[in-house]
Amino acid sequence: MPAFPLPRYISDERLLPLADKVLRKERLTFEDGLLLYASPDLTGIGAMAQHVRLRLHGRKTYYVQSRRLSYTNICHTHCQFCAFQAKPDDPRAYVLSVEDVVRELSKPENATVRELHMTSGHNPKLKIDYFEDLFRKIKAAFPQIHLKVFTMIEMDYYARNSGLSVEAFLDRCVAAGLESCPGGGAEIFAPEIREKICIGKKEANTWLRVAEICHGRGISTNCTMLYGHIEQPRHRVDHLLQLRELQDRTRGFLAYIPLAYQIEDNELSRTYEIHETTGTQDLREVAVARLLLDNIPHIKAYWVMITEGLAQIAQNYGANDLDGTLIEEEIAHLAGAKTPQFLSKNQLERLIRAADFEPIERDNLYNEM
Ligand code: SF4
């Protein structure tokens with residue numbers, strides 16, 4: 001890669017030592033992370049992140065043809081930020097049967113889907129035999145679809161609900177067809193924030209421990225952080241560095257996805273005065289992640305939560321993945337996301353090309369199609 005005049009893009013002189021580190025491929029520290037949040041120089045921060053992105057991926061931007069499906073919205077955990085959960089007596093409550101899922105995937109609009117992304121509520125009625133049956137029948141009918149299921153907290157819940165260790169539960173799910181896991185459920189690791197935004201959800205150590213178990217068994221996962229609510233920059237840096245530390249040990253995270261908090265129809269936004277995240281905040285989250293997470297290969301701009309236009313721009317702030325077509329995304333939309341329910345392959349490719357990047361369709365493990 002040719003020498004890059006990075007300092008030329010930086011107006012906040014406090015960032016110059018960080019730019020030096022970036023050019024020398026040195027790891028950034030906790031204090032560096034705080035500065036990345038404190039500095040008003042988003043252009044400089046974006047230039048540093050983009051330098052890393054171009055070094056790792058050139059101008060390639062990945063996406064996958066993906067279907068979202070939640071097998072149940074019944075949840076006995078109570079996250080204050082969640083508009084998706086329903087109690088069993090709620091008229092909105094549902095559980096999909098295996099036949100419902102197979103019927104849904106058989107619809108013509110799903111013919112080119114390569115990834116099935118399933119996360120759902122914590123429903124005490126569902127145990128290991130439901131998942132084994134579900135995964136086996138999906139893989140039998142659609143062997144080309146990659147099964148990406150369970151947040152780390154969800155896996156812990158259903159393992160305990162089935163009277164199994166996480167290891168035993170995971171092994172049985174993998175034998176039935178599970179291939180990888182999404183990155184949700186991490187929220188913010190700091191316990192003082194967790195107890196206000198997702199009281200009742202298992203603590204951060206559970207999320208990290210289950211991820212480590214998955215990685216140890218060769219099951220890749222993604223990782224996330226929910227930002228833009230009541231957390232402070234120090235909580236975000238702490239969260240990102242805990243992910244980086246685990247990745248140093250396991251190398252099992254494929255991608256990191258910053259998740260912008262959606263304010264509609266949930267208890268958290270009724271309790272605290274919280275505003276929607278702004279464009280500069282969303283771009284900064286992408287850039288900071290690219291700079292701090294030096295060992296996680298891919299950074300996604302999740303267009304569902306930050307809009308298609310901003311995700312397109314985020315390709316210049318460190319993002320090298322626009323996630324996917326995301327047919328029928330439900331969880332973020334119930335919390336107020338104003339974006340379309342899905343984007344076609346052509347729409348995604350147009351967004352990527354119009355920003356002078358090269359669209360690359362991938363499978364879930366980043367094999368190019
Ligand atoms: S985020 Fe997940 S675990 Fe939390 S209440 Fe919603 S469905 Fe339940």
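1. Start with the outer face of α5. In this predicted model, the side of α5 turned away from its buried residues carries D129 and A140, both exposed.

2. Now the other side of α5. F131, L134, F135 and I138 are buried. Viewed down the helix axis, the buried residues fall within an arc of 90°, so they line one face of α5.

3. What do the buried residues of α5 pack against? Their partners include two strands, β3 (115–118) and β4 (146–149). The helices α4 (98–105), α6 (152–161) and α7 (166–176) are also among them.

4. The length of α5 checks out. The helix covers residues 128–141, which is 14 residues. At 1.5 Å a residue it should span 20 Å, and its end C-alpha atoms are 20 Å apart, so the two values agree.

5. Next, the ligand. Which residues surround the ligand? The shell holds three cysteines, C75, C79 and C82, and two histidines, H78 and H122. T77, F84, Q85, G121 and K201 complete the list. By class, the shell residues divide into 4 nonpolar, 5 polar and 1 charged.

6. Finally, a sheet. Three strands form an open sheet in the order β5-β6-β7, with parallel pairing. β5 (221–227) and β7 (298–299) are the edge strands, and each pairs on one side only.

7. One pairing in that sheet deserves a closer look. β5 and β6 (residues 253–260) run parallel and pair over 6 bridges. Where in β6 is the bridge partner of T224? That partner is I257.

Terms used:
Residues numbered from 1 in each chain as written. Predicted model: local features only at pLDDT ≥ 70, side-chain atom pairs only at ≥ 80, totals over all residues. Near = placed C-beta within 6 Å. Nonpolar A, V, L, I, M, F, W, Y, C, P; charged D, E, K, R; others polar. Helix = DSSP H or I, 4+ residues; strand = E, 2+ residues; numbered from the N terminus. Expected span 1.5 Å × (residues − 1). Buried ≥ 20, exposed ≤ 12 C-beta atoms within 10 Å, placed from the backbone. Arc of directions from axis to C-beta. Contact = placed C-beta atoms within 7 Å. Pairing = 2+ DSSP bridges.
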